[in-house]
Amino acid sequence: MSALTGHRHLALLFFLVLCCLRCLAQTPTPPTTLRPSPSSSPSPRPQTEKLKVRLAGFPRKHNEGRVELFYKGEWGTICDDDFSISNANVLCRQLGFVEATGWTHSAKYGQGQGKIWLDNVQCGGGEQSVGACKSRGWGNSDCTHDEDAGVVCKDERIPGFVDANVIEAHVDENKLEEVRLRPVVAAAKKRLPVTEGVLEVKYKDGWAQVCAAGWTVKNTRVVCGMLGFPHERKVNKNFYRQAAKSKAFAKSKQSSPAPRLFLERQKNVYRVHSVACTGTEVHLAACSMEFNGPNNTASCRGGSPVVVSCAPGALFMPQHASLKMKPKTSSNVRLKGGAHLGEGRVEVLRGSEWGSVCDDRWNLQSASVVCRELGFGSAKEAMTGGRMGQGVGPIYMNEVKCSGHERSIWNCPFKNITSEDCQHTEDAAVRCNVPYMGLENSIRLGGGRTRYEGRVEVLGTDANGTQAWGLICGETWTTKEAIVACRQLGLGYANQANQETWYWDSSNVTEMILSGVKCTGNEMSLTQCQRHKTLNCQKAAAKFAAGVICSETASDLVLNATLVQQSVYIEDRPLHMLYCAAEEDCLSKSAAKANWPYGHRRLLRFSSQIHNIGRADFKPKAGRHSWVWHACHGHYHSMDIFTHYDLLNANGTKVAEGHKASFCLEDSDCQEGVSKRYECANFGDQGITVGCWDMYRHDIDCQWIDITDVKPGNYIMQVVINPNLEVAESDFTNNAMKCNCKYDGHRIWFHNCHVGDAFSEEAERRFEKYPGQLNNQIS
């Protein structure tokens with residue numbers, strides 16, 4: 001073939017390729033196909049990793065803020081170029097809100113830090129994650145932080161969504177992820193918590209020291225807060241100098257015994273230098289500091305490692321400590337509804353009544369003041385949006401702005417609340433750093449299907465005097481003991497206490513070593529509860545051992561005390577209208593001797609509105625297969641005992657009672673944005689949804705106390721919900737409601753109605769001069 005022919009063939013081939021490309025370019029794109037532009041492509045994020053999203057900045061409420069994304073171990077922002085309401089809708093749903101009501105540009109909530117992860121984001125609105133939307137790609141941006149985008153979400157939560165409303169420390173944990181105190185004295189190594197020792201930071205596969213040059217008490221305060229301690233203590237430097245001398249002495253006279261002190265046989269590896277904290281940081285990594293390079297870790301201008309000493313809170317003081325040594329616990333701040341030690345909804349006492357704190361401007365500094373005030377360390381997390389359940393009393397504080405140095409939240413600047421400012425859906429909560437106590441090392445669960453359930457196995461001493469794992473007798477095992485076991489295991493609330501565990505019989509632990517365990521429910525571990533000195537168990541077989549089912553969430557029922565006070569009255573009801581009530585045992589015992597159907601019974605009537613303010617639906621313990629049909633009232637009874645209604649005299653003796661022996665549980669109504677889930681009709685599912693309430697009106701059968709035999713006088717009306725603790729709740733202290741009652745023989749007055757934990761202890765003592773009675777037995 002000639003050169004000319006070859007060139008002609010190449011030219012023809014080139015012409016055909018151009019024609020094909022031109023035809024392809026003119027092919028119409030189907031309307032359902034989206035072609036990404038070269039500068040806008042789907043974000044290349046692995047679908048297996050869940051993208052973390054949070055709201056930040058100020059001033060803001062819990063449902064608005066600067067958008068921040070966690071990608072490749074670092075928090076960053078989104079640029080406002082091409083931002084739209086569709087983008088905001090996707091982001092708000094990721095945050096647990098139903099939709100967006102708006103978005104903001106130009107860093108309205110302040111400028112963020114770090115990377116600008118996404119730019120030119122274009123969502124359709126239906127994406128599950130902003131990572132699935134079109135953009136320039138991760139980290140590819142031509143913006144600055146004064147273009148950070150924000151969103152405003154509708155203040156309505158997606159039902160069941162819990163992974164949101166948490167404010168965490170903005171620190172680079174890659175540079176300093178963990179710290180510890182290594183005790184020096186041998187005796188201190190055996191005691192927990194460790195309150196004093198050499199400060200060490202996690203480095204590679206081991207631990208390294210911090211150089212003492214320039215170390216201040218402010219740095220110590222931050223370290224102690226991280227480790228769960230409210231305050232720092234002065235270190236006895238002479239003791240540690242003596243330790244160094246002891247080392248030199250031991251080298252010169254090897255034959256003489258020398259104490260094993262902290263510098264002996266130790267190679268100091270210094271990782272951190274020149275730490276400069278302000279004292280308000282919640283993590284050491286948030287402080288200014290210098291790091292040695294990987295090949296330069298030994299030098300320290302001060303010549304010694306940092307030694308830190310911390311003061312534990314009252315809960316963590318040694319049992320043998322004197323009363324003078326034990327720090328005072330705050331009497332006007334408390335945590336409610338938390339699943340773990342050191343967490344919960346923040347409540348403060350004003351006058352004699354407890355109330356909550358609104359989450360506007362709630363941050364880690366304010367949360368840390370609360371934590372330290374209660375005897376814990378600094379705040380690990382500050383939570384907004386009623387994350388730890390909703391309060392029911394007044395809301396006292398809004399826009400709390402603590403610096404972090406205050407001794408009490410009451411010393412911080414804040415705004416008083418007006419009725420339109422906040423709702424209980426905005427209650428602030430905290431999760432505090434607590435000292436490591438090692439309590440979980442002496443207990444475990446065996447045989448369960450998940451780590452949250454099983455037979456309780458505890459570390460004890462056998463007949464030979466050696467430590468071994470053993471079982472607990474299930475005979476006296478109740479919800480209160482299960483609460484302590486779940487707390488000790490770090491598994492949250494007690495969902496169920498089991499006295500028989502034959503269906504979990506897959507463990508090789510069969511010996512029963514504890515019996516008669518009796519707890520108040522407030523203990524940190526089962527070792528703090530009462531128990532038999534020697535084993536005394538009638539059913540000692542392993543299948544009758546104690547067991548638990550734990551849960552991270554629980555319901556919380558509370559009665560509307562105001563409605564009880566407003567709706568109370570007396571009715572004289574003819575006996576011929578009370579046959580159904582008599583059949584369901586809703587009348588006093590004397591009714592059986594009445595001349596039916598003639599005469600009447602005097603009934604104290606009131607409305608009962610029971611709210612679920614917790615974080616899980618309240619459902620009957622028994623399944624529907626065991627519910628009992630009552631034809632008179634036409635519904636199934638799902639619980640044997642749900643509520644007690646009692647009238648007590650001045651010395652606590654019960655003079656009359658109402659039998660709420662069983663109950664039809666359903667959602668009568670719900671707060672805005674929450675849908676009903678439970679309805680009794682047609683053998684429907686029974687329960688009370690979070691954010692809903694079950695309403696029993698004053699004119700419904702059995703919604704009363706039969707006071708036919710009660711003489712005129714002053715009494716206390718008491719209502720107790722879930723009295724036998726059959727169903728798990730995050731807080732049982734608010735299950736009782738009490739009212740002062742005056743009866744003149746014709747009319748009745750209720751006043752001062754309140755939930756059991758709504759008042760201060762002093763106010764409650766003034767209210768009644770006898771211990772409240774919580775059982776349903778007439779004296």
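Glu-178 sits in the loop that connects strand β9 (166–168) with strand β10 (179–182), and this is a convenient place to enter the structure, which is a predicted model. With a relative accessible area of 36%, Glu-178 counts as partly exposed, because that term covers the range between buried, under 20%, and exposed, over 50%. Once its neighbours within four places in sequence are set aside, Glu-178 is in contact with Glu-200, Val-201, Lys-202 and Trp-207. Tyr-203 can be placed relative to this residue as well: Glu-178 and Tyr-203 are separated by 25 residues in sequence, and their C-alpha atoms lie 8.8 Å apart in space.

From this loop one can step back to the whole protein, which contains nine helices and 43 strands. Of its 779 residues, 51% are buried, and its accessible surface amounts to about 38500 Å², with 51% of that area belonging to carbon and sulfur atoms. Among the contacts with a separation of 6 or more, 72% are made by residues that stand 24 or more positions apart.

One group of strands can be followed from edge to edge. Four strands make up an open sheet, in the order β30-β33-β39-β38, and their pairing is antiparallel. At the edges stand β30 (557–559) and β38, each of which has a single partner strand, so one side of each has no neighbour in the sheet. In general, the strands of a sheet pair through backbone hydrogen bonds, in either a parallel or an antiparallel manner.

Within this sheet, strand β39 (residues 692–696) is largely enclosed by the rest of the structure, because four of its five residues are buried. Strand β33 (residues 608–612) runs antiparallel to β39 and is joined to it by four bridges; Gln-609 has Met-695 of β39 as a bridge partner, while His-611 has Trp-693 of β39. Strand β38 (residues 669–670) also pairs with β39 in the antiparallel sense, here over two bridges, and the bridge partner of Asp-669 in β39 is Trp-693. Trp-693 is thus named as a bridge partner of both His-611 and Asp-669.

Attention can now turn to a helix, α5 (residues 364–373), which is mostly covered, with nine of its 10 residues buried. Those buried residues are Leu-364, Ser-366, Ala-367, Ser-368, Val-369, Val-370, Cys-371, Arg-372 and Glu-373. The N-terminal end of α5 is capped by Asn-363, which has a side-chain oxygen 3.2 Å from the backbone nitrogen of Gln-365. Just after the helix, Gly-375 adopts a positive phi of about 90°.

Two of the buried residues of α5, Ser-368 and Arg-372, also take part in the lining of the largest cavity. An α-helix has 3.6 residues a turn, so residues three or four places apart point the same way. The other residues that line the largest cavity are Arg-221, Gly-279, Thr-280, Glu-281, Val-282, Ser-378 and Gly-404. The space inside the largest cavity is about 30 Å³, and the count of cavities of 30 Å³ or more comes to one.

Note on methods
Residues are numbered from 1 along each chain as its sequence is written. This is a predicted model: local features need pLDDT of at least 70, side-chain atom pairs count only at pLDDT 80 or more; totals for chains, interfaces and linings use all residues. Side-chain values use heavy atoms; hydrogens and water are left out. Buried means under 20% relative accessible area, exposed over 50%, partly exposed in between (1.4 Å probe, protein chains only). Contact means heavy atoms within 4.5 Å. Accessible areas come from the Shrake-Rupley method with a 1.4 Å probe; for residues, only the protein chains shown count as cover. Two strands pair if DSSP finds at least two bridges between them. A polar contact is a pair of N or O atoms within 3.5 Å; within protein, one must be able to donate a hydrogen and the other to accept it, and residues adjacent in sequence count only if both atoms are side-chain atoms. On a 1 Å grid over the protein atoms alone, a cavity is a set of points where a 1.4 Å probe fits but cannot get out, and a pocket is an open set with protein on both sides within 12 Å along at least five of seven lines; lining residues have an atom within 4 Å of a point. Grid points are joined across faces, edges and corners, and a volume is the space filled by probe spheres set on the points.
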